[in-house]
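Here are a few exercises on aromatic rings and their neighbours. Have the model open in your viewer and work along.

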Amino acid sequence: MRKFAIGLLFVIPLSALAQKEIKPSISKAEKALKAGKFDEAKAIIDVTVSNQEFMVDKKGNPSKSAAKAWYLKGLIYAGIDTTKEVKFKSLEAEPYKVAVEAFSKSKEIGKDELTFFSDDNGFPLMNSVLDGKLAQAYLNVSLKAYQEDKDYKKAFQYMERVVYFLPKDTTMLLNAGVYFAPSAEEYDKALEYIDKYHAAGGSNPDSYIQKLSIYLTKKKDLDKALTITQDLMKRYPANAEYPKYELDIYIKQNRLPEAKAAMEKSAIANPKDIESRYYLGVISNEMKDPTEAKKWFNEALKLNPDHYESTASLADMSYKDVRKVREERNEISGTKDADLKKRAELFKLIEVKLKESVPYWEKCEALKPNEETVLYGLLSVYGDLANYDEVTYNPKLEKLKKKMKSLKLEID
């Protein structure tokens, strides 16, 4: 089927148009449009829709041709809006606005009209087909602005025009709400189009994730974000990532008991779920329950002995245990036999705690050999243990220092 603008055959000079009286004519305006003569088409259709005798019948109602004339005006001004011919761009400052007003009037008058025009073979050309052609023209402009020019404001502006002509097209609604509007930082409109997408039957997970992201990071509405997350979990129960979103929101809201309950539910539902066990350790640690935290970190390691996050958490917690014992020992300043005995006992306990901690740090180094935090932690543990066993730990300490120097890390 032919496009509207198929190239210029000839252009009537504006001076000639001004000299010749223009009479109302839908057929002539349509002919000029098909020939790509937007200046001529515009001049004729403006006269046509402004002519009271042509547009209104004897009873004062819209004439039989009124809806068709307004629709044609919409087509012409939309053509001006999307044409690549620079000389036609100055015909109207806001052609899209004029086009929408004309289409609205046409729909208001001819509510049940499905077609106003025929193709070159005389077959009815459905209005929906013309709407699709206009949508495609606007989509071409939008995609160029988005992909090539990186002009996301313009891309979204033209994507909205695509959606105007295809208001229930889920693909275009998805594009508008999930990709184009957020890129243009039009977050309220993004939510509006996402809701329209869902109302039209769309169910792409990206739409829910984008909606969640907007409420979480842009609007800072944690309650709404939580509602969306819980809806996601119901829609996609097999997705292991969504419970993490719920956990993150609960933690941000300082609703740790609820966060723990949510993760316990996930852990029970999936006996092989490492992440839920790891996060239960994190939550328990935040709730000042180190025994419970260590239990869950170790549960995660039973499923995957190389789970770095759980290993690192146990390394950190075990070294904190060392510091607690050291602080307790330092608080004993008396010289009585009982005080001296207690300090000696705690000195030995520090060694025990250090030896409990060192395997976790060494495992972390094996998993992430150049991780700065791990190397400094291991340096502290080896240094402390060297106070108890120089023969064993001094060589390890020197080897570690040499490695850290090669990585240009500062050490004493």
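Rings of Phe, Tyr and Trp (its six-membered ring) pair if their centres lie within 6.5 Å; planes under 30 degrees apart count as stacked, over 60 as edge-to-face and the rest as tilted. The structure holds 20 aromatic pairs. This is a predicted model, where local features need pLDDT of at least 70, side-chain atom pairs count only at pLDDT 80 or more, and totals for chains, interfaces and linings use all residues. Residues are numbered from 1 along each chain as its sequence is written, and side-chain values use heavy atoms, with hydrogens and water left out.

**Exercise 1.** Classify the pair Tyr138 and Tyr158, then place both residues in the chain.

Step 1: the centres are 5.9 Å apart with 40° between the planes, which makes the pair tilted.
Step 2: Tyr138 sits in helix α8 (residues 127–148) and Tyr158 in helix α9 (residues 152–165), 20 residues apart; helices are DSSP runs of H or I with at least four residues, numbered from the N terminus.
Step 3: both Tyr138 and Tyr158 are buried (under 20% relative accessible area; exposed is over 50%, partly exposed in between, with a 1.4 Å probe and protein chains only).

**Exercise 2.** Explain why Tyr236 and Tyr242 count as edge-to-face.

Step 1: their ring centres lie 6.1 Å apart and the planes meet at 65°, so the pair is edge-to-face.
Step 2: Tyr236 is partly exposed at 22% relative accessible area, while Tyr242 is buried at 6%.

**Exercise 3.** Find the charge over the face of Tyr158.

Solution: Arg161 lies there, 4.6 Å from the ring centre (the cut-offs are NZ of Lys or CZ of Arg within 6 Å of the ring centre and within 35 degrees of the ring normal).

Conventions
Helix = DSSP H or I, 4+ residues; strand = E, 2+ residues; numbered from the N terminus.
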